[in-house]
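In these entries I record what I looked up in one structure, beginning with confidence and ending with the packing of the interior.

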Amino acid sequence: MSNVIILENVSKKFGKVQAVNNVSISIEKGSAVAILGPNGAGKTTTISMMLGLLDPNEGKVELLGKSPKQVAVRNKIGAMLQEVSVMDMLKVHEVLTMFRSYYSSPLSMEELIALTGLEKADLKKKADKLSGGQKRRLGFAIALAGNPDVIFFDEPTVGLDTTARRKFWNKVESLKEKGKTIIFTTHYLEEADDFSERIILFNNGEIIADGEPEDIKRNLTTRSVSFETEDQDAIAKMETVDTVMRCYEKDGVVYVVTEDTDFVLSELFRLNISAKNIRINQGRLDDVFEQLTGDKEEAEAG
Ligand SMILES: Nc1ncnc2c1ncn2[C@@H]1O[C@H](COP(=O)(O)OP(=O)(O)OP(=O)(O)O)[C@@H](O)[C@H]1O
């Protein structure tokens with residue numbers, strides 16, 4: 001399969017801040033990729049370089065085999081970025097007509113409405129009179145105006161309620177089915193897990209994990225054995241077991257964090273700890289994320 005985006009050893013500095021550090025990424029045509037990471041990890045900077053909106057200090061960026069700045073490339077991409085500034089005095093249908101005119105084979109107004117969930121009544125409103133959710137839909141429609149092959153979304157669902165979020169992702173699913181390549185950043189791990197087949201996890205300007213959501217979860221999260229027990233010494237006993245990383249109690253349940261849940265289970269029986277409701281828990285990606293954010297805050301606090 002061909003790559004639509006290639007970043008080779010790309011770095012970007014803002015003054016002394018190393019926003020992106022020696023990042024290499026190839027993205028295949030037709031894939032849906034989530035760029036995930038805590039605040040300030042370098043996600044927006046990376047997307048901006050993919051789009052040719054920022055120049056890297058080092059490294060090479062190719063979009064559809066060319067420089068992202070070429071008009072022929074721009075004609076085939078669409079982007080919904082965090083700050084949408086549209087001409088406020090214009091009505092929604094005027095904004096869309098204007099954007100459609102920039103492209104050689106734009107989507108029809110009807111298709112744009114159907115794909116983005118804009119209501120017919122919204123079209124007559126002035127852009128600055130739209131609600132937050134409606135503005136997002138307009139941003140979405142602007143991104144799709146040129147019927148792009150590659151679509152970028154930078155935190156597209158921030159501030160949307162659950163229903164609006166679900167509707168947005170249903171629409172994105174339909175774009176995926178049409179074979180579009182989709183790249184999005186998000187803070188919502190659930191979204192990355194549900195709507196991408198690949199997660200690229202950023203931290204401090206570097207890629208710290210890249211793979212299928214399942215693999216990322218398996219590799220980055222730790223598993224645990226949990227159980228309920230009357231045994232007051234259960235934690236002390238389990239802490240002596242090989243492979244156990246830590247033990248703690250929460251809401252009356254003892255958690256034993258380990259990479260080898262089979263071994264911990266056998267030790268639980270060997271040590272004669274009377275336990276009920278025994279479970280094996282796959283760690284959650286949210287925990288990894290919280291840990292990364294926590295590490296960063298600790299580092300910043302000195
Ligand atoms: N124009 C700029 N000038 C100076 N520093 C910048 C600029 N843009 C980004 N940075 C810095 O570069 C780093 C990466 O920022 P970036 O916006 O790429 O992160 P992010 O992962 O998108 O974060 P968020 O999730 O908060 O949007 C941060 O330390 C940020 O403060």
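Entry 1, confidence. I noted that the model is predicted, and I therefore looked up its scores before anything else. The protein chain has an average pLDDT of 89, and 92% of its residues score at least 70. For the model I also recorded an ipTM of 0.97 and a pTM of 0.80.

Entry 2, overall form. I looked up the secondary structure of the protein chain and found eleven helices and 13 strands. Along the principal axes, its C-alpha atoms fill a box of roughly 75 × 45 × 40 Å.

Entry 3, burial and contacts. Of the 302 residues in the protein chain, 35% are buried. I then considered contacts between residues at least 6 apart in sequence, and 68% of these join residues at least 24 apart.

Entry 4, the largest core. I asked which residues have the most contacts inside the largest nonpolar core. They are M50 and A141, in a core of 60 residues. Helix α5, which spans residues 132-144, supplies the largest share of this core, with six residues. In soluble globular proteins, nonpolar side chains tend to be buried together.

Entry 5, the surroundings of M50. Which residues does M50 touch, leaving out those up to four places away in sequence? I listed I5, L7, V61, L63, P68 and F152.

Entry 6, another core. Apart from the largest core, I found another one of ten residues. Among them are V225, M238, V264 and L268.

Terms used. Residues are numbered from 1 along each chain as its sequence is written. This is a predicted model: local features need pLDDT of at least 70, side-chain atom pairs count only at pLDDT 80 or more; totals for chains, interfaces and linings use all residues. A nonpolar core is a set of buried Ala, Val, Leu, Ile, Met, Phe, Trp, Tyr and Cys residues joined through C-beta atoms within 7 Å. A residue is buried if 20 or more other C-beta atoms lie within 10 Å of its own, exposed if 12 or fewer, and partly exposed in between; C-beta atoms are placed from the backbone. Helices (H or I, at least four residues) and strands (E, at least two) are DSSP runs, numbered from the N terminus. Two residues are in contact if their C-beta atoms, placed from the backbone, lie within 7 Å. pLDDT is the predictor's confidence in each residue, from 0 to 100.
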